[in-house]
Amino acid sequence: RAVAMSVSHSSRLNKLVREQYMRLPQDGRVQVTYVWIDGSGEGVRCKSRTLDKEPKSIEDVPEWNFDGSSTAQAEGSNSDMFLVPVCMFRDPFCLDPNKLVLCEVLKYNRKPAETNLRHTCKKVMDLVKDSHPWFGMEQEYTLLGINGHPYGWPDNGFPGPQGPYYCGVGADKVYGRDIVESHYKACLYAGVKICGTNAEVMPSQWEFQVGPCEGIEMGDHLWMARFILHRVCEDFGVVATLDPKPMTGNWNGAGCHTNYSTAEMRREGGLKHIEAAIEKLSKRHDYHICVYDPRGGRDNSRRLTGHHETSNIFEFSAGVANRGASIRIPRQVGQDGYGYFEDRRPAANCDPYAVTEAIMRTTVLNETGVETKDYADH
């Protein structure tokens, strides 16, 4: 009874009946699902339309619009918002030839919506393209029942203390692996650059990794991976939360650790460029904390306490193989003398466009202070 109550009603509909309809031919027409970030800066929305033939590139997908007053992005008296397709993926839910299309949101005057952080990120990535920035982001998330309680936890009480759950195996150590493996396969099918997954330290908490991605591709692929996660969870009747500290007390929070390198960091002797970048980051800690979660650091203040494998939000630190530091240099990188480093500060609910843009502004464009420079369109 407890398990039945923790999942949604729609997940218990007969999926075999659905399969009967999903097998019907489409007569050459294609279903395209448009995906965008809503006014919260965290939620994703979607809607679908029919195209007469399969789009072969993003240029083949027409612009569309939606009611921004229903997504906290516009007033009802002037509510139409533009959906501008930017990145196309295969659809793992309706299968080929159907598509998932990630979109930027523009307001009625064609200016980017407030939560369209891709717009400036793309501008910055175009400026720094000769440095060939590579990113890999580690997305932690927590599975909840629709009652808001961590999935698989006792209804009244808590599981045993942390220790056996990280990368765990066994019904008493991991909860929801079906969801995780379904998400992994769906991302691979879609063409998302997912590169791994594992059970995390808190029970019902998981992580997947996306990358390496170059430039703007990082944000595009992580956002689509998030959409696919929420969509898979919908099928199973549970909720994936990206809250950075879903459970108070002696439980790990959830981050989105960001691995980063430039071409010169990846070459022989690159460690000196890694150390130079870390030095620049150390002088701009407050700016990065402000953009590493959607609420200017308030969400991260619940997570970055200096405990549970985090640094203290008020202090900048760096070290080799140190998971309690703001910046971790992997031990292998320290031995090899080149490679990448990991920024452990971004929260699980960060916008990857904001995070990657901030890193480039500080380490390549050499910005300082809390203000950002407005670069002209090229």
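Helices (H or I, at least four residues) and strands (E, at least two) are DSSP runs, numbered from the N terminus. The views below show a predicted model, in which local features need pLDDT of at least 70 and side-chain atom pairs count only at pLDDT 80 or more, while totals for chains, interfaces and linings use all residues. Residues are numbered from 1 along each chain as its sequence is written, and side-chain values use heavy atoms, with hydrogens and water left out.

**View 1. Two loop residues with positive phi, Asp27 and Ala72.** Ala72 is found in the loop between strand S3 (64-67) and S4, and its phi is positive at about 60 degrees although the residue is not a glycine. With a relative accessibility of 64%, Ala72 counts as exposed, where exposed means over 50% relative accessible area, buried under 20% and partly exposed in between (1.4 Å probe, protein chains only). Asp27, placed in the loop between H2 and S1, likewise has a positive phi, near 55 degrees, and Asp27 is exposed with a relative accessible area of 67%.

**View 2. Two cis peptide bonds that precede proline, at Pro97 and Pro212.** The bond from Asp96 to Pro97 is cis, with omega near 5 degrees, and Pro97 has its place in the loop between S4 and S5. The bond that joins Gly211 and Pro212 is also cis, with omega about -5 degrees, and Pro212 belongs to strand S8 (residues 205-214).

**View 3. The contact between domain 1 and domain 2.** The protein is divided into domain 1 (12-115) and domain 2 (125-364), bounds that come from an automatic or database domain assignment. Their C-alpha centres lie 26 Å apart, and the contact (heavy atoms within 4.5 Å) takes 20 residues from domain 1 and 20 residues from domain 2. The two domains bury about 1800 Å² between them, 70% of it on carbon and sulfur atoms; buried area here is the accessible area (1.4 Å probe) that two parts lose on being put together, summed over both. In domain 1, the residues that lose the most area to domain 2 are Glu42, Phe89 and Phe93, which together make up 35% of what that side buries.

**View 4. Polar pairing across the interface of domain 1 and domain 2.** The rule for a salt bridge (a side-chain nitrogen of Lys or Arg within 4 Å of a carboxyl oxygen of Asp or Glu) finds one across this interface. Five residue pairs, both at pLDDT 80 or more, are in polar contact across the interface, a polar contact being a pair of N or O atoms within 3.5 Å, of which, within protein, one must be able to donate a hydrogen and the other to accept it, and residues adjacent in sequence count only if both atoms are side-chain atoms. The elements that give two or more residues to the side of domain 1 that touches domain 2 are helix H2 (15-22), strand S1 (30-37), strand S2 (44-51), strand S4 (80-90) and strand S5 (99-106).

**View 5. Helix H3 (residues 118-127) and its surroundings.** The buried residues of H3 are Arg118, Cys121, Lys123, Val124 and Met125, and what covers them includes S4, S5, strand S6 (134-144), helix H5 (217-236) and helix H10 (352-363). Arg118 has a relative accessible area of 8% and, leaving aside neighbours within four places in sequence, is in contact with Val86, Glu104, Ile216, Asp220 and Tyr353. Elsewhere in the helix, the side chains of Asp126 and Lys122 meet in a salt bridge (3.1 Å, N to O); because they are four residues apart in H3, these two residues are separated by about one helical turn. Asp126 is partly exposed at 37% relative accessibility, as is Lys122 at 31%.

**View 6. Salt bridges with buried partners, and the loop residue Ser311.** Arg345 forms a salt bridge with Asp343, the closest N and O atoms being 2.9 Å apart, and both Arg345 and Asp343 are buried at 0% relative accessibility. Ser311, in the loop between helix H8 (298-301) and strand S11 (318-320), is buried at 5% relative accessibility, and Arg345 is among its contacts beyond four places in sequence. A further salt bridge pairs Arg361 with Glu367, with the closest N and O atoms 2.7 Å apart; Arg361 is buried at 5% and Glu367 at 9%.
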